[in-house]
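Student: Please take one part of this predicted model and examine it closely, beginning with how well covered it is and then following its neighbours outward. I would also like to know how far the prediction can be trusted along the way.

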Amino acid sequence: RLTIEPYHGYATPDLLIARGRVLAARDSEKINGRSKLANARQMARLFATHEVADVVVRSGAVSAVTDAEGYFTLYLPREDHVGWVNVAVTLSGQDHSAICPVMVARPDATLVVISDIDDTMMHTGAWSTARNLWTSFTGSVESRDVFPDAVELMQVLGQSGRNPVYYVSSSPWNFHGFLEEVFMRAGLPAAPKFLREYGFGKDQFINGRHGEHKGGAIDRIMAAHPGLPVVLLGDTGQHDAHIYADAALRHPGRVAHVVLRAPGPGADASDLLQVERLRSLAIPVNVGADFREALAALAAKV
């Protein structure tokens, strides 16, 4: 039995891009308790997947074939869609279907929001590998700590769905459903995510770098929204300032504002150097332990 794990898609000026993954279906297992051990077992199950390659996925007359890790991308005509579009997807030769939601930017959008996740939207401790692993694998949907100021900032920038929002992170795709639940409970907007495949194939974890993944995702998002200014949200724990400064150089005039949370030990000399690099491009940058200063600055601009 096969099943489709749908991801949030997005749109370019010409296309709807529906995304997802085909996996072998498995029986559900109820893990009792809310202990850290029970949480760790639940998180480990997220990686116990059986990906299915070479499956034909269809939506109307458009089809795609899953890759070695089960991922597929369908490129459909955009037509006159606005807002969230539900794309019905089926598997060739299988009695199974799913809905892949695709976000189409509204014509009155004034900017695009691209945000990191770990230590930007929610507390992870990604600046420390040991702390990051402990938090990621012993937390539950109920216990994960989304920053209230991050929710508030997203509400200000998103303008009740008028402006498109994206999340770009080096978290694995196996966390997708878990993150969806955490974000929904916290009141963060549903949005397309660009996560990473932690494996051994082409363009996967062993062969790629954190900066290359984030930078490439930012490039694709900007290309999907030509002409719209972009606000970048991140933190100082994973070199986001450097990644964002490089993106600003590749896309002159597109980055309107950068906001960086400074978790743990705070911004170091390398981070501050990149902040000055951004400011030398006439890009406003807010750096701090929280988003209060950024909220004041951006609320006046949006």
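Tutor: A residue counts as buried when its relative accessible area is under 20%. By that cut-off, strand S1 (residues 2–11) is mostly covered, with seven of its ten residues buried. As the coordinates are those of a predicted model, the confidence values belong at the start: the mean pLDDT of the protein is 86, and 81% of its residues reach 70 or more.

The surroundings of S1 begin with its partner strands. Strand S2 (residues 15–24) runs antiparallel to S1 and is joined to it by eight bridges, and the connection between S1 and S2 is a hairpin of three residues. One pair on this side is Ala11 with Leu16, the latter being its bridge partner in S2. With strand S7 (residues 97–104), S1 pairs in the parallel sense, here over two bridges, and Val102 of S7 is the bridge partner of Gly9. In general, the strands of a sheet pair through backbone hydrogen bonds, whether parallel or antiparallel.

These pairings belong to an open sheet of seven strands, ordered S4-S3-S6-S7-S1-S2-S5, in which the pairing is mixed. Its edges are formed by strand S4 (62–65) and strand S5 (71–77), each of which pairs on one side only, and from one strand to the next the twist averages 25°. At the S4 edge, strand S3 (residues 56–59) pairs with S4 in the antiparallel sense over four bridges, and Ser59 stands opposite Val62 of S4.

A second open sheet follows, made of six strands in the order S10-S9-S8-S11-S12-S13, with parallel pairing. Strand S10 (193–196) and strand S13 (285–288) each have a single partner strand, so one side of each is left without a neighbour in this sheet. Here the twist from one strand to the next averages 10°. Within the sheet, strand S8 (residues 112–115) and strand S11 (residues 230–235) pair in the parallel sense over four bridges, and Ile114 stands opposite Leu232 of S11.

Helix H3 lies across S8, strand S9 (165–172), S11 and strand S12 (255–261), running at about 170° to S11. Helix H7 (residues 269–279) also packs on the sheet, where it touches S12 and S13, and its direction makes about 160° with that of S13. H3 is itself mostly covered, since eight of its eleven residues are buried by the under 20% cut-off; among the buried ones are Ala150, Val151, Met154 and Gly158. The elements covering these buried residues include S8, S9, helix H4 (176–186), S11, S12 and H8.

The packing of H3 (residues 148–158) with helix H8 (residues 292–299) deserves its own description: their axes come within 10 Å and cross at roughly 10°, and H3 and H8 are therefore roughly parallel to each other. On the H3 side the contact is made by Asp149, Glu152, Leu153, Val156 and Leu157, and on the H8 side by Leu295, Leu298 and Ala299. By class, this contact of H3 with H8 has six nonpolar residues, no polar ones and two charged ones.

Several loop positions complete the picture. Most residues other than glycine have a negative phi. Against that background, Gln159, just after H3, takes a positive phi of about 50°. Asp119, in the loop between S8 and helix H2 (129–138), has a phi near 65° and is buried, with a relative accessible area of 1%. Ala282, in the loop between H7 and S13, also has a phi near 65°, but Ala282 is exposed, with a relative accessible area of 68%. Thr236, in the loop between S11 and helix H6 (240–250), counts as buried at 8% relative accessibility, and the residues it touches beyond four places in sequence include Leu260, Arg261, Pro263, Asp271 and Val287.

One stretch calls for reserve. Over residues 200–208 the pLDDT stays under 50, and the model has 13 contacts beyond four places in sequence for this stretch. Where pLDDT is low, the predicted coordinates should not be read in detail.

Key:
Residues numbered from 1 in each chain as written. Predicted model: local features only at pLDDT ≥ 70, side-chain atom pairs only at ≥ 80, totals over all residues. Heavy atoms only, no water. Axes fitted to C-alpha atoms, helices over the stretch in contact; angles between N-to-C directions. Parallel < 35°, antiparallel > 145°, perpendicular 65-115°, else oblique. Contact = heavy atoms within 4.5 Å. Nonpolar A, V, L, I, M, F, W, Y, C, P; charged D, E, K, R; others polar. Pairing = 2+ DSSP bridges. Buried < 20%, exposed > 50% of the residue type's maximum accessible area, 1.4 Å probe, protein only. pLDDT = per-residue confidence, 0-100.
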